[in-house]
Amino acid sequence: MVLDSSLEVIDMPINMGPQHPSTHGVFRMVLVVDGEKVVDVTPHIGYMHRGGEKLMEAMDFRQGIGYADRTEYLAQFSAELGYCLAVERLMEIEVPDRAEYIRVILTEMNRLSSHFMFMGAFGIDSGIFATSFVYAFREREYLQDIFEEVSGDRLMYAYFRVGGLAWEVPDNFVSRVQEVLVKSQQGIRDLDDLLTKNEIFMARCQNVGNFSAERAIAYGVSGPILRASGVNWDLRRDEPYSIYPRFKFQIPVGNYGDVYDRYLVRLEEMRQSISIIEQALQQLPPEGPIVPEKMPRRLRTPPGEVYAKVESPRGEWGVYLVSKGGDKPYRMKMRSPSFCNLSALREMTIGQYLADAVMILGSLDIVLCDVDR
Amino acid sequence: MTPPDGQDQETTGAAGETPVTPPSPAPEGAAPAEQPAAKPAAERPARPVKEAEPKEAPRVAPQPGSISELLAKAAPGVEMKAYMVPSVVGESVAVEVGRDDLRAVMTAVHDDASLDLKYLRCLSGIDWQEEGLEVVYHLWSFSKRHALTVKTRVTYADPTVPSISAIYPSADWHERETRDMFGINFDGHPNLVPLLLPDDMTDHFPLRKDNPLQEIEEWQGDNLRDGAGEGEE
């Protein structure tokens, strides 16, 4: 075979998205490929930008909770909790114990449901096709049933309030949670059996998208991706908020920082979440107030600023709240973990195969509403 | 005939919170007129006068030996104002530095072994209207386990801040977003094109305060005016 050297050799740009099943929302990236290798990636975001930070400046502190849901729509309770923590810190409100326990139980169940979502979608990305998706969504549905029983809504809960909770949980809450936990444990085992030692899954995940701890820190990456890169860091333990110091749990950490480690870290996190929920159910005071006794009807903060952060399933969900006094935030910045994690995509993807770009993006587990806000 | 005023007073008295004796059936005609018209209002306990809300948060200087002293050592000759700001648990230190010193300060906090603030967790812009635009950097050190907030201010006339994306790669997208929203130019940024906004939207900055969200604010004005819902505190 004779190669005609007079032919021009160029790198080919390939557009992916914004409407593409593997981008997990409206996200577009332009990949420049040299054969099968990715030479450059340009992510384009902002398709879902709704000016959430501006909207929250016009909403009072009670209304803002509903918007937090709509930003992080797979970890709504984490977002609500972060927002409430910021306002509570500025107003110096003590949250009653029972409310704290219910908050933790729901937030950790939310982590389960979010990670189930990841397992399902990631299975599709890796080519297991619909099996993992159906398994994971069945389990997610049981969890959402509980959220619906508690808050009245399947997705937009708006159940936390500054100072506590909106209303009491149903009478059978504890038994229902225990019932669902048993199902979730079985669900985690099912997914573990299906994916972890699956040869195709391992071949597609191992040594793909490796990211060192140093680079992860430089890019402000947080959550399971940071831990998969070998940084032993979890806000629940290291900068504790709410009542997390009362529970014992392990923080899974990865060795290689590849896509497979991110999957394993999330899988173990689900087991740890179940352990936290079980401990919280045991310690949950059977009755008591769910809002402080002296609670102003109209929430007004003194002037000041606070940066509150929670460990959401995707990482550090932060709220930078600046108040000039009054009932609305003067500035409300949402530090979204998806945004920071996604900014590292370019460096993770360059030098990898084109087919693995989908795996790397899937392993970041982004929520596009949270990226664009 | 009962004057309409008297009727009104009676109903307010019965429905109001002050315990008034139930209005006795009007005896012999003139009785309602004798009732002092302003009585129920006068008996209502006076609301405690609220203290005027402070306009600014009090600024407490950091304790000796805090991170701001380490920073003063690591970046000598930089003028800075340090004070405490609340974090979720406890407090952390914030320093205000001049724009021209920003790059020196950020290099120092990143490279100095005693500070070692390698993690830029958040970068925000704030529009302080008459007092200009502010950029706030929230930093964290995994090895030393301490936090630092760095702030710098610029004027509307010259909204330029040195880019720190060469020091902190995570600042890349944050700076692009802040340029979109506040029109702050980050000098030295390799690719300062719109990130969240459309490519051609380079002269309109949505998060500046001169862009009111008119409809929502008006709607709130009707339904949530000052004092509404303050009945039971």
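Trainee: Quick one to start: in β2(A), which residue is the bridge partner of A:P13?

Mentor: A:V32 is the bridge partner of A:P13 in β2(A). Keep in mind that this is a predicted model: local features need pLDDT of at least 70, side-chain atom pairs count only at pLDDT 80 or more, and totals for chains, interfaces and linings use all residues. Residues are numbered from 1 along each chain as its sequence is written, while chains are lettered from A and ligands numbered from 1 in the order in which they are written.

Trainee: Got it. How many bridges do β1(A) and β2(A) pair over?

Mentor: Five, in the antiparallel sense, with β2 of chain A covering residues 28-34. Two strands pair if DSSP finds at least two bridges between them. The elements themselves are DSSP runs numbered from the N terminus: helices are H or I with at least four residues, strands are E with at least two.

Trainee: And what strand order does that sheet have?

Mentor: β1-β2-β3 of chain A, an open sheet of three strands with antiparallel pairing. β1 (12-16) and β3 (37-44) of chain A are the edge strands, each pairing on one side only. From one strand to the next, the twist averages 20 degrees.

Trainee: Switching to the β6-β7-β8 sheet of chain A: which strands stand at the edges?

Mentor: That one is also an open sheet of three strands with antiparallel pairing, in the order β6-β7-β8. β6 (304-312) and β8 (331-335) of chain A stand at the edges with a single partner strand each, so one side of each has no neighbour in the sheet. Neighbouring strands here are turned by 10 degrees against each other on average, direction ignored.

Trainee: Does anything pack on it, and if so, which strands does α3(A) touch?

Mentor: Helix α3 (residues 76-91) of chain A packs on that sheet and touches β6 and β7 of chain A. The direction of α3(A) makes about 150 degrees with that of β6(A). For the angles, axes are lines fitted to C-alpha atoms, for helices over the stretch in contact, and values run from 0 to 180 degrees between N-to-C directions. Contact is when the C-beta atoms of two residues, placed from the backbone, lie within 7 Å.

Trainee: How are β6(A) and β7(A) joined up?

Mentor: They form a hairpin with two residues between them. β6(A) and β7(A) pair in the antiparallel sense over nine bridges, and A:S312 stands opposite A:G315 in β7(A). On to the next pair: β7 (residues 315-323) and β8 of chain A share five bridges, antiparallel too, with A:V322 opposite A:R331 in β8(A).

Trainee: Is β6(A) largely enclosed or left open?

Mentor: Eight of its nine residues are buried, so β6(A) is largely enclosed by the rest of the structure. Buried means 20 or more other C-beta atoms within 10 Å of the residue's own, exposed means 12 or fewer, and partly exposed is in between, with C-beta atoms placed from the backbone.

Trainee: OK, helices. At what angle do α2(A) and α3(A) cross?

Mentor: Roughly 140 degrees, and the axes of α2 (residues 63-71) and α3 of chain A come within 8 Å. That is why α2(A) and α3(A) are oblique to each other. The cut-offs are under 35 degrees for roughly parallel, over 145 for roughly antiparallel, 65 to 115 for roughly perpendicular, and oblique for the rest.

Trainee: Which residues make that contact?

Mentor: From α2(A), A:G64, A:I65, A:A68, A:D69 and A:T71; from α3(A), A:Q76, A:A79, A:E80, A:Y83 and A:C84. They divide into five nonpolar, three polar and two charged. Ala, Val, Leu, Ile, Met, Phe, Trp, Tyr, Cys and Pro count as nonpolar, Asp, Glu, Lys and Arg as charged, and the others, Gly among them, as polar.

Trainee: And how do α4(A) and α14(A) cross?

Mentor: At roughly 175 degrees, with the axes of α4 (residues 97-126) and α14 (residues 354-364) of chain A coming within 9 Å. That makes α4(A) roughly antiparallel to α14(A).

Trainee: Last topic, chain B. How many residues of chain A are in contact with chain B?

Mentor: 42 residues of chain A, facing 38 residues of chain B. β6(A) gives the most to chain A's side, with six residues. That side divides into 21 nonpolar, eight polar and 13 charged residues.

Trainee: What does the secondary structure of chain B come to?

Mentor: Seven helices and seven strands. Of the 233 residues of chain B, 31% count as buried.
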